Amino acid sequence: ATMLARARGTLTTASAAAASAGSRILAQVSAYAAVVSSYVDVAAPYIATIFHWGFLPMVILIGMNTEPKPKLTDVISPM
C-alpha cells in the first residue's frame, strides 16, 4: 500500500508541475497577444490608408506590365 501511495503522490506532484507550467505558458501567450494587439491597433490606420491609396495604382502597374503591352486607356477602360 505504501508503494501505491508514493506513486499517487508522484503523479499528483507531476500533475501540479504540469498545471503550473501550463499556466505559465498561458500567461506568456496572453502577454504576447496583448503586445501584438497593441501593435495592430497602431498599424491598422496606416495599413488601411496605404491599401486605400495604393490598390488602384498597383492594379494599373500590373496591367501595364503584361504582354502584349496595353495602352493606359486600355487598362483603365472598363470595356
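Pro-68 sits in the loop between α1 and α2, the latter spanning 72-76. The peptide bond leading into this proline from Glu-67 is cis, and its omega is near -5 degrees. Keep in mind that this is a predicted model.

Stepping back to the whole chain, the protein has two helices and zero strands. Helix α1 covers residues 2-64. Of the 79 residues, just 1% count as buried. The protein exposes about 7,100 Å², and 74% of that area is supplied by carbon and sulfur atoms.

Now for the aromatic rings. How many aromatic pairs are there? The count comes to one. Its members are Phe-51 and Phe-55, with 5.3 Å from centre to centre and 40 degrees between the planes, so the pair is neither stacked (under 30 degrees) nor edge-to-face (over 60) but tilted. Both residues belong to helix α1, where they are four residues apart, or about one turn of the helix.

Are these two rings' residues buried or exposed? Here is how they come out:

| Residue | Relative accessible area | Class |
|---|---|---|
| Phe-51 | 56% | exposed |
| Phe-55 | 36% | partly exposed |

Phe-51 counts as exposed because its 56% is over the 50% cut-off. Phe-55, at 36%, falls between the 20% and 50% limits, so it's classed as partly exposed.

The two phenylalanines also turn up together in a nonpolar surface patch of about 600 Å². Their partners in that patch are Leu-56, Met-58, Val-59 and Ile-62. Patch members need over 30% relative accessible area, so Phe-51 at 56% and Phe-55 at 36% both clear that bar.

In short, Phe-51 and Phe-55 make a tilted pair and help build a nonpolar patch on the surface.

Note on methods:
Residues are numbered from 1 along each chain as its sequence is written. This is a predicted model: local features need pLDDT of at least 70, side-chain atom pairs count only at pLDDT 80 or more; totals for chains, interfaces and linings use all residues. Side-chain values use heavy atoms; hydrogens and water are left out. Rings of Phe, Tyr and Trp (its six-membered ring) pair if their centres lie within 6.5 Å; planes under 30 degrees apart count as stacked, over 60 as edge-to-face and the rest as tilted. Buried means under 20% relative accessible area, exposed over 50%, partly exposed in between (1.4 Å probe, protein chains only). Accessible areas come from the Shrake-Rupley method with a 1.4 Å probe; for residues, only the protein chains shown count as cover. Patches are made of residues with over 30% relative accessible area and no salt bridge: like charges are joined within 9 Å, nonpolar side chains (Val, Leu, Ile, Met, Phe, Trp, Tyr) within 5 Å. A salt bridge is a side-chain nitrogen of Lys or Arg within 4 Å of a carboxyl oxygen of Asp or Glu.
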